[in-house]
Amino acid sequence: MLSGRSNDQSDATTQKLSSGQRIVNNFCITVATVNGSGSQTSNLTIMRALLKMGIPVSGKNIFPSNIQGQPTWFTIRVSAEGYTARCEDTDILVAMNPNSFTRDVANLNSGGVLFYADHIKTPINREDIITYPMPVQRISREDAATPGLRDYVANMVYVGVVAQIIGIELVKIHQALEFHFKGKPKPIEMNFAAVEKSARWASENLHKLDPYWVEPIQSNNNCIMMDGNTAAALGALYGGVQFAAWYPITPATTLAETLMEYRPILRNDPETGKNTLVIIQAEDELAAVGMVVGAGWGGLRAMTSTSGPGLSLMAEYIGLAYYSETPIVIWDVQRVGPATGLPTRTAQGDLTFVNFISHGDTQHVILLPGNITECFEYGWKAFDLAEQLQTPILVLSDLDLGMNLWMTDPLKYPDIPMDRGKVLWEGDLERLNGEWGRYHDVDGDGIPYRTLPGNRHTRSAYFARGTGHDENAHYTEDPEVWERVLNRLRKKYETARKLVPVPVINTMEGAKIGLIGYGSTDPAIYEARSRLEKNGIKTDYMRIKAIPFNYQVKEFIACHDRVYVIELNRDGQMHQLLTLEAKEKAINMISLSHIDGLPLTAEWVVEGILSHEEKAE
Amino acid sequence: MKENTIDKMPVNLVGLAKTDYKGAPSTLCQGCGHNSISSQIIAACYELNIIPENLLKFSGIGCSSKSPTYFLNRSFGFNGLHGRMPSLAAGGIFADRTLKAVGISGDGDTASIGMGQFKHAVRRNTPMVYIVENNGVYGLTKGQFSATADLGLSLKKQGKNPYMPIDIAWEAIVSNATFVARSFAGDPKQVKELIKAGLSHHGIAVLDIISPCVTFNNQDQATHSYAWGKEHEVALHDLAYVPPSEEIFVDYEEGEAKEVTMHDGSMVILKKLERDYDPTNRSEALRVLEEANAKQWLLTGLIYINEGQPTLVDLYDLTDTPLNRLPESRLRPSRESLEKLNSMF
């Protein structure tokens, strides 16, 4: 162990390390704190300051399902190459939590750096790391205006010390604080004073012994930082959402809360200043989705957002929406299940459930956003699809995408006008002499026409129901009619194939192996591909963006010797669905699935593929 | 309307005949109390000059919930899920807030599987008439106890009911309902007057209508039977509903009647019988219900009313244009607003 404390070290060690290599803009920081201590502000400040220096950065909050007192970790990855997947290694550890200290220190890479609060007296039994003690309690006692603010100031101490040692510009920290506190001078200056003081202390009392540095990168990138739930909510607001009902559940809560936050800013009627969006916190998810079905039937752009347990409750109404052909949008920000599972960890485990959700014969249209841009895009596009297809649209995000902050291009304004689908108003019915039926397949695409409550034409009304109905929405138990209606719904599903987003395909010259992924695993697969290439394995990569699968999906599977289906669940759920889709090629598909609640790493993907490839050779 | 003039059928103030309010023929059992309630909904809407297109129908699942197809064919309707009608209605009413809504539920649908949604619909003052066609039994599944079944009631396959019944009117009042009434399907005039008052109420109007099941629960001693109801019915008051467009004229002596002014300016006039009853007094409402249960009375009439409370829809300050008629230009924020947002992240 080499201590960076000035009075601790010999000249010999200083010389030995100062001649060492510099590792610039390529390392991982783990900050270990106690949850509820306000460390999130500090971690986001570091991340944002790095982004403002032009350095690609990503952050993962590994937090407990608890309000206060449990260990929590925040990992920040700095990658000049732009890799944003979770990194299992820790090069720099900021240890603020005495209770997890021993474990945290044990997990630090050899040659890694330990910044620790100097009131932690646990012995450090590592000879292969560099340590920097930080006088956290002293500075926070001196600087906190009130004892209640000590924890916050304490967390700013590590911001200042780390910034000083690895070279984060303090002016960027100030900008990050300005952003975080929305320009409020008091908290900005209080926190910045603690950062400055800690940085000064570090410059006077610590010698840099480690090789890690950040340096600004000049680029034209005007990236912003956003989490997927915020992007989804903003997308919905730009998609004209008119009705949202929800029930609090981690990790979906912030999606609905973002709708509430921005509703007054974005959704007062430009003509009258009055409200155009109803948001209701329902008594449970059964009621939330019930309200959404009522509103969707009424012609409103209606949505709910939930996670696995809530989705289980919604199964009943989703079946009714499917069979009554009611447009609704449901965001499932996935967490780990079954049961309550791991509420604060990430997974892609709801895919097959969502695909078939409800009793009886159902198949649903699913959107699979893979990044923040797509969270925003599907935020509005899901309504177009729901109203075009008159069916539930289920959007599968996950905790990693939804709650972690990602570096992203600025949000892009919707590039097409709204599509409100096949709706007949009074004028349309007059032209038709009132001759219409709710469930007739007039256009041959399986999608019928609908009327909306409030239509005053005397022939406009129909009675929607979940019981057997004919083309005129009349009750029937006629076997032929039942089958005909259900087969038309399947035809509509075929139409959906042509309307949903097509997959993204990235190829390499001469690749014989295909990789298939979806959702938040994209960064890990992206990084794994370049590592595999260095190992001599070229890969093509298809990221699926929607179900039902477009024809490109089958083609991709058909034109590769082996296809790895990579996902974050135990059973290989996408692999299962693709096996149903491309039965004749099922033998060529290999499931590479894994679930431990953490975002996928490139290492895991590389190892999984290499071990299979060795067997295949 | 042309056929009507040819037939010389009487029409109401909006030029509609009774037949304009009809529904499909009922498929419920002969003599079912629910059919009588459907007829009174038709009569009430006709007399209140409600254009059928201006009313929405909702229901859950069960015999009662089938009945919205037996009235007002020209109204939009949605027959939803068992116990989940309140949420469906809460969403539906926002489509066009100029519309009125009627929800039909049963005792199983409301007091068993749907108790949670019922109480939350009440708590939110969801603007609708919420009718519970209460017979104390599951009909469609052929005769099981519901949560309103009497303690000790015997049913053919079920034996004796060991549990205390749930009182829907009581539950509504403790959940802060703004209009609670009880009636008996065998008293069509009172049913109609209460439906009319409920349709004029600004907020949720809960009508617990004892509607005997002629097939599965019509034993003379059961509180949900015709015989029992006829014998034990105690009306709180004679009831006359006066729409705002009619001249108010009621046959009563000064001091003997209580007028309750509804949101739209219409009135319910309660003619007192032997008791001095004030339906605007919540604790008194709970007291008379308690007393009626103890004395085995079927207490009918307007039990509680609290006018002037904001409804669920009032809370949102919505555009005058119905939400479902707003064009894209009023729903999608501007391009500039997104540029501004981007600069904030």
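Start by selecting A:Asn506 and A:Tyr541 in this predicted model: A:Tyr541, in strand 21 of chain A, is the bridge partner of A:Asn506. This pair is our way in to the tour.

**Stop 1: around strand 21 of chain A**

Now widen the selection to residues 504-506 of chain A, which form strand 19. Strand 19 and strand 21 of chain A run antiparallel and are joined by 3 bridges.

Next, add residues 513-517 of chain A, which make up strand 20. Strand 20 of chain A pairs with strand 21 of chain A in the parallel sense, over 5 bridges. To see one of these links, pick A:Ile516, whose bridge partner in strand 21 of chain A is A:Met542. Then follow the chain from strand 20 of chain A through helix 17, residues 522-534, to strand 21: this β-α-β crossover is right-handed.

Stay with strand 21 of chain A, residues 539-543, and show its side chains. Are its residues buried or exposed? The strand is mostly covered, with 5 of its 5 residues buried. In a regular strand, side chains alternate between the two faces of the sheet. Here, A:Thr539, A:Tyr541 and A:Arg543 point one way, while A:Asp540 and A:Met542 point the other way.

**Stop 2: chain A as a whole**

Zoom out until chain A fills the view. You can colour 20 helices and 24 strands in chain A. Along the principal axes, its C-alpha atoms fill a box of roughly 95 × 65 × 45 Å. A compact globule of 617 residues would have a radius of gyration near 25 Å, and the 27 Å of chain A agrees with that. Of the 617 residues of chain A, 54% count as buried. For contacts in chain A between residues at least 6 apart in sequence, 75% join residues at least 24 apart.

**Stop 3: where chain A touches chain B**

Bring both chains into view. The contact takes 57 residues from chain A and 44 residues from chain B. Which helix of chain A gives the most to the side that touches chain B? Select helix 10 of chain A, which gives 9 residues. On this side of chain A there are 33 nonpolar, 15 polar and 9 charged residues.

Now look for strand pairing across the two chains. Strand 18 of chain A pairs with strand 2 of chain B, residues 76-79, in the parallel sense over 3 bridges. Pick A:Ala464 and you will find B:Phe78, in strand 2 of chain B, standing opposite.

**Stop 4: chain B as a whole**

Hide chain A for a moment. Chain B holds 11 helices and 15 strands, and its C-alpha atoms fill a box of roughly 70 × 50 × 45 Å along the principal axes. For 345 residues, a compact globule would have a radius of gyration near 20 Å, and chain B agrees with 21 Å. In chain B, 53% of the 345 residues count as buried.

**Stop 5: the nonpolar cores**

Show both chains again to see the largest nonpolar core, which has 273 residues. Those with the most contacts inside this core are A:Leu50, A:Val94, A:Ala95, A:Phe115, A:Val292 and B:Leu207. Helix 5 of chain A, residues 150-166, contributes the largest share of this core, 11 residues.

Centre on B:Leu207 next. Leaving aside neighbours within four places in sequence, its contacts include B:Val129, B:Ile131, B:Ala181, B:Leu194 and B:Gly198.

For a last selection, try B:Val137, B:Tyr138, B:Phe145 and B:Ala149, which are among the 10 residues of a second, separate core.

Definitions and conventions. Residues numbered from 1 in each chain as written. Chains lettered and ligands numbered in written order. Predicted model: local features only at pLDDT ≥ 70, side-chain atom pairs only at ≥ 80, totals over all residues. Buried ≥ 20, exposed ≤ 12 C-beta atoms within 10 Å, placed from the backbone. Helix = DSSP H or I, 4+ residues; strand = E, 2+ residues; numbered from the N terminus. Pairing = 2+ DSSP bridges. Right-handed = clockwise from strand over helix to strand, strands pointing away. Core = buried A, V, L, I, M, F, W, Y, C linked by C-beta atoms within 7 Å. Contact = placed C-beta atoms within 7 Å. Nonpolar A, V, L, I, M, F, W, Y, C, P; charged D, E, K, R; others polar. Rg over C-alpha atoms; globule rule 2.2 N^0.38 Å.
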